Amino acid sequence: MKFTATQIAELLEGDIVGDPNVEVSKLAKIEEGTEGALTFLSNEKYTSYIYTTNASLAIVNKSFEPTKKISATLIKVDDAYAAFTKLLTFYNEVKQNKTGKEEPHFISDSAEIGINIYLGAFAYIGNNVKIGDDVKIYPHCYIGDNVTIESGTTLFSGVKVYSDCKIGNNCKIHAGAIIGADGFGFAPDENKVYTAIPQIGNVIIEDNVDIGANTTIDRATLGSTIIRKGVKLDNLIQIAHNCEIDENTVIAAQTGISGSTKIGKRTMIGGQAAFAGHIKIGDDVVVSGFSGVRKNVKDKDIVIGFPAYNIQKWNKSSAIVRNLPSYVEKINELEKEIKALKEK
């Protein structure tokens, strides 16, 4: 895909300095720009590269005034970083604007399929599935019976959605994610032989949710595992049965959340955090990476450590731990002094 400086300036509502007909077909960092590439400058630390880049087009702030000759055509905007982000979003939408049905694929006769969808090769659509308009289902996806997928949602290659699950509007689920596998429920008998407890609930994913590659969200034993609107999940996250992740919470990679845990709104969770089951995390909480959360956390708290607790208390405890060697030396010296006094 090629775009002219004029087309990009119109999209970004910017002013052109240089050749309005110059064409670009790729994006690049300013220090790696080559002919035919578009780049941007927003951080002053990279200003020197604007004079040496080989990129054909550069987005800059309106406040930028060059002190040397620049070979690239400039597009001046109010906020270069925001403008480049907008352009990346547009570029991604154009690149992923797939439609049509590739062969081979399977669609059950009882499925209801919306308009303008993309269905990749080897995709499977089960019985009584309902798929909205503008949905994109990439190759090797599996959509089980009675699943609902609302409009504008994208499932990348290899996503598996088990039966009865519901996915909202404008969601993005990346390759290898599994929605609705059985929760980890087993009951031991008197001989400690485990029998699976049927998991007959489902998973509900509300609107505008992003789910990273190879993340797994287990179906509920009864009822629903729920991911509320606006939640953003990184890659390789495990969310167990009957959990609820509330609106606009973000969770980084390799986090594990045990069954029936409720996480509040706008919570931020760092990578490799672990949560015990049947606990409640409040709204606007921050959980540091590598933390182990074993009990309820109140609203707006910041917790860290294993077991996780308030960061201010953790900082004080950490300072004490760092000073333990000197405390031991002092105690040893005092013991020697006491022993010497007793010997007198």
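Which residue in β6 is the bridge partner of T39? I began my notebook with this small lookup, and I found that T39 has A58 as its bridge partner in β6. I note at the outset that the model I am reading is a predicted one.

**Entry: the open sheet**

I next looked up the sheet around this pair, and I found 5 strands that form an open sheet in the order β2-β7-β6-β5-β4, with mixed pairing. The edges of the sheet are β2 (15-17) and β4 (26-27), each of which pairs on one side only. I reminded myself that strands of a sheet pair through backbone hydrogen bonds, either parallel or antiparallel. For β5 (residues 37-41) and β6 (residues 57-61), I noted the parallel sense, with 4 bridges between the two strands. A further bridge partner that I looked up in β6 is V60, which is matched with L41.

I then followed β6 to its other neighbour, and I found that β6 and β7 (residues 73-77) pair in the parallel sense over 5 bridges. V60 appears here again, since its bridge partner in β7 is K76.

**Entry: the two sides of β6**

Are the residues of β6 buried or exposed? I found that 5 of the 5 residues in β6 are buried, and I wrote the strand down as mostly covered. In a regular strand the side chains alternate between the two faces of the sheet. In β6 I saw L57, I59 and N61 pointing one way, while A58 and V60 point the other way, and all of them are buried.

**Entry: aromatic rings**

I looked up the aromatic pairs, and the count comes to 9. A pair of aromatic rings is described by the distance of the centres and the angle of the planes. For F40 and F84 the ring centres are 4.3 Å apart and the planes are at 20°, so I recorded this pair as stacked. F40 lies in strand β5 and F84 lies in helix α2 (residues 80-95), so the pair ties together parts that are 44 residues apart in sequence. I also checked the cover of F84, which counts as buried at 9% relative accessibility. F40 and F84 form one aromatic cluster together with Y81.

**Entry: cysteines**

How many disulfides does the count come to? I recorded 0 disulfides, and I then looked at two cysteines to see why. The closest cysteine sulfur to that of C141 is in C171 and lies 14 Å away, which is too far for a bond, because a disulfide needs the two sulfur atoms within 2.5 Å. For C243 the closest cysteine sulfur is in C165, and it too is listed at 14 Å, too far for a bond. I noted that C141 is buried, with a relative accessible area of 2%, and that C243 is buried as well, at 1% relative accessibility.

**Entry: backbone details in loops**

I looked up cis peptide bonds and noted the one that joins E103 and P104, where omega is about 0°. P104 has its place in the loop between β8 (100-101) and β9 (106-107). I noted another cis bond from F306 to P307, with omega near -5°, and I placed P307 in the loop between β39 (302-304) and β40 (309-310).

I also looked up positive phi values in residues other than glycine, and one of them is N242, with phi near 65°. N242 lies in the loop between β29 (238-239) and β30 (244-245), and N242 is buried, with a relative accessible area of 16%. S260 has a positive phi of about 65° although S260 is not a glycine. I found S260 in the loop between β32 (256-257) and β33 (262-263), where S260 is partly exposed at a relative accessible area of 22%.

**Entry: a nonpolar patch on the surface**

Which residues make the nonpolar surface patch of about 450 Å²? I listed I320, V321, L324, Y327 and I331. I then checked the helices behind this list, and I found that α3 (311-322) and α4 (324-343) each supply at least two residues of the patch. The helix that gives the most is α4, with 3 residues. I331 lies in α4, and at 47% relative accessibility I331 counts as partly exposed.

Conventions: Residues numbered from 1 in each chain as written. Predicted model: local features only at pLDDT ≥ 70, side-chain atom pairs only at ≥ 80, totals over all residues. Heavy atoms only, no water. Patch = residues over 30% accessible without salt bridge, like charges linked within 9 Å, V, L, I, M, F, W, Y side chains within 5 Å. Areas by Shrake-Rupley, 256 points an atom, 1.4 Å probe, with all protein chains shown as cover. Salt bridge = Lys/Arg side-chain N within 4 Å of Asp/Glu carboxyl O. Buried < 20%, exposed > 50% of the residue type's maximum accessible area, 1.4 Å probe, protein only. Pairing = 2+ DSSP bridges. Phe/Tyr/Trp six-rings, centres within 6.5 Å; stacked < 30°, edge-to-face > 60°.
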